[in-house]
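Got your viewer open and a selection box ready? Let's walk through this one stop by stop, starting with the model you see here.

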Amino acid sequence: MRALLLGLTLAAAPAAAADAPPPAADAPPPAAVRDDPRVQTALELARTWLEGQRAYEGIPGVSAAIVHDQEVLWSGGFGYADREAKREATADTIYSICSISKLFTSVAVMQQRDAGRLRLDDPVGRHLPWFGLKRTEGEGDVTVEGLLTHASGLPRESDYPYWSDPTWPFPTRAQLMETVRKQEALYAPATHYQYSNLGIALAGEVAAAAAGVPYDAYVKRAILDPLAMDSTTTQMPAGERGKRLAVGYAAPDREGRRAPLAFFTAGAIGPAAGFASTPLDLARFASWQFRLLARGGTEVLKATTLREMHRIHWVEPDFETTWGLGFWVARRDDKVFVGHGGSCPGYRTQLLMRPEDRIATVFMANAQGVAAAAWAQRLYDIVAPAVKAAVKEPGKGKAPDPALRPYVGAYSVAPWGGEIAVLPWEDGLAVIDLPSMEPVKEMTRLRRTGEHTFRRVRKDDSLAEEIVFVMGADGRATHFQRHSSRWPRVR
């Protein structure tokens, strides 16, 4: 009987469309955007910055992907997935994505809502009879929506030391069920935002109970398989240790050393923090959302439901904390972004999406102490203007002058700093400092004024001091000279 129920319920789960719909009608062919010289120049800057910043921050390995609509513009990795074994990081390297897991759990909940098996205003206890929490009488029920918006009043964690004990003792499902009855609410429901891994773990239980299927099986069948996310798992894949799975490393100690950390699985906290994935799989997840929003329909989820999830459902009184249904939603420089970040033992990750532009960036690092959200945002800042220009004016991008290539490279400015990277940009060259977490804002442009001679371009477009490149026998620059000082090319 159980097998029959499992089969019937899985069959009722949302299925993939036979063929993914094409990009929106107003978008140029993906290759036209990817191959636009403006986009290629921006991608070169993104790669140069990503690799250099990784090295100077001492991060063992990073992997990333940059997406426009249905096309991965670039994906790759730098450094090591396993520092000791010298196994390189790539776009296919698997990382813990930790709290990005919450997006998949939220989609599962909304699938069950659309199927009529639950309501967002349902009390959690209606679906989980074992759910209990110490709270003041008359405060109201903890609802499904409260779980997804982190406004349930629940404490942040299940009552186990899984973030501090180096063996990472995440609770089993039985332990979570037993312990939650003994925990106390922090606030009355719908009074304050309180990020809660416990809450989203319970949301996973609600989705599974409504579907009548174990959580892991349901998510694989209803979300991961339809989106061809073959490298994504609901728990860390033990079978990929020493293979595709990146080793996680700690934040640096006082001497700058990063210790490798023990392997973990998130147990009953899996719906909130247990998933593992790759940049390319999260790129597929982003492209699905852009596709669904542009074309409508019901591929995995109703388009109207995804829009509902991307909208703000909770705002703190200071108007600085805003949350959708499972999705982080924020406004930066008059642009609205959605997505989520992840932080687990040895890993920092970020999925950043701007649906209006159909641009997403994915960043993954196998180390703690990394501002993953800032890295993903910088990748967007570098590439988005070029992508938007290519979409608005296809075919009008001008390739950089190949005569500038001999000057391109990284030049040491020790002991005053790390390096200066020289790259082609617009009608001349661009100079960025490495390291720098503001490569676009701090970029300096150079304009050619003579043979091997350039001038710095000021913000008002006037010209400042002269920069002279010293050429070697192979026709490439060996140094550049500025203010009578000579700075050697190092790579």
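Wherever this tour says contact, read it as heavy atoms within 4.5 Å of each other. Try that on T179: leaving aside neighbours within four places in sequence, T179 is in contact with D159 and Y160. T179 sits in helix α7, residues 173-180, and it is buried, at a relative accessible area of 10%. Bear in mind as you click around that this is a predicted model.

**Zoom out**

Show the whole chain as a cartoon. You should find 13 helices and 19 strands in the chain. The radius of gyration is 25 Å, close to the 23 Å that the globule rule gives for 491 residues, so the chain is as compact as a globular protein of that length. Along the principal axes, the C-alpha trace spans about 80 × 55 × 45 Å.

Now switch on a surface. The chain exposes about 21,000 Å², with carbon and sulfur atoms supplying 51% of that. As for what is hidden, buried residues make up 53% of the 491. If you draw contacts between residues at least 6 apart in sequence, 64% of them join residues at least 24 apart.

**Into the cores**

Hide the surface and select F104, F131, L202 and I269. These belong to the largest nonpolar core, which has 87 residues, and they touch the most other members. Then colour helix α8, residues 197-211: it gives the most to this core, with 10 residues.

Stay on F131 and show its surroundings. Which residues does F131 touch, not counting those up to four places away in sequence? Look for V124, G125, V142, L154, V180 and L202.

Next, select F78, Y193, Y195 and V370. They are among the members of a second, separate core of 49 residues.

**A helix with a kink**

Select residues 372-392, which form helix α13. How far apart are the end C-alpha atoms of this helix? They are 30 Å apart; at 1.5 Å a residue, the 21 residues should span 30 Å, so the two figures agree. Even so, look along the helix for a bend: a kink of about 35 degrees lies at V383, shortly before the proline P385.

**Two residues with positive phi**

Go to C98, in the loop between β4 (95-96) and α4 (101-114). Its phi is near 45 degrees, a positive value in a residue other than glycine. Is C98 buried or exposed? It counts as buried because its relative accessibility is 2%, and the cut-off for buried is under 20%.

Then jump to A228, in the loop between α9 (215-224) and α10 (270-273). A228 is another non-glycine residue with a positive phi, near 55 degrees. At 37% relative accessibility, A228 counts as partly exposed.

**Two cis prolines**

Select A414 and P415 and look at the bond joining them. The peptide bond from A414 to P415 is cis, with omega near 5 degrees. P415 lies in the loop between β12 (409-412) and β13 (419-425).

While you have that loop on screen, pick G417, which lies between β12 and β13 as well. G417 is partly exposed, with a relative accessible area of 36%. Draw a distance from its C-alpha to that of D433: the two residues are 16 apart along the chain, and the atoms are separated by 8.3 Å.

From D433, move along to L434 and P435. The peptide bond from L434 to P435 is cis, with omega near 5 degrees. P435 is found in the loop between β14 (428-434) and β15 (444-450).

**Last stop: L429**

Step back into strand β14 and select L429. L429 is buried, with a relative accessible area of 0%. What does L429 touch, not counting residues up to four places away in sequence? Its contacts are L404, Y407, V422, L423, P424, T444, R445, L446, F454 and F469.

To finish, draw one more distance, from the C-alpha of L429 to that of P129. These residues are 300 apart along the chain, and their C-alpha atoms are separated by 65 Å.

Conventions:
Residues are numbered from 1 along each chain as its sequence is written. This is a predicted model: local features need pLDDT of at least 70, side-chain atom pairs count only at pLDDT 80 or more; totals for chains, interfaces and linings use all residues. Side-chain values use heavy atoms; hydrogens and water are left out. A nonpolar core is a set of buried Ala, Val, Leu, Ile, Met, Phe, Trp, Tyr and Cys residues joined through side-chain atoms within 4.5 Å. Buried means under 20% relative accessible area, exposed over 50%, partly exposed in between (1.4 Å probe, protein chains only). Helices (H or I, at least four residues) and strands (E, at least two) are DSSP runs, numbered from the N terminus. The expected span of a helix is 1.5 Å times one less than its number of residues. The bend at a residue is the angle between axes fitted to the seven residues ending there and the seven starting there. The radius of gyration is taken over C-alpha atoms; the globule rule is 2.2 Å times the number of residues to the power 0.38. Accessible areas come from the Shrake-Rupley method with a 1.4 Å probe; for residues, only the protein chains shown count as cover.
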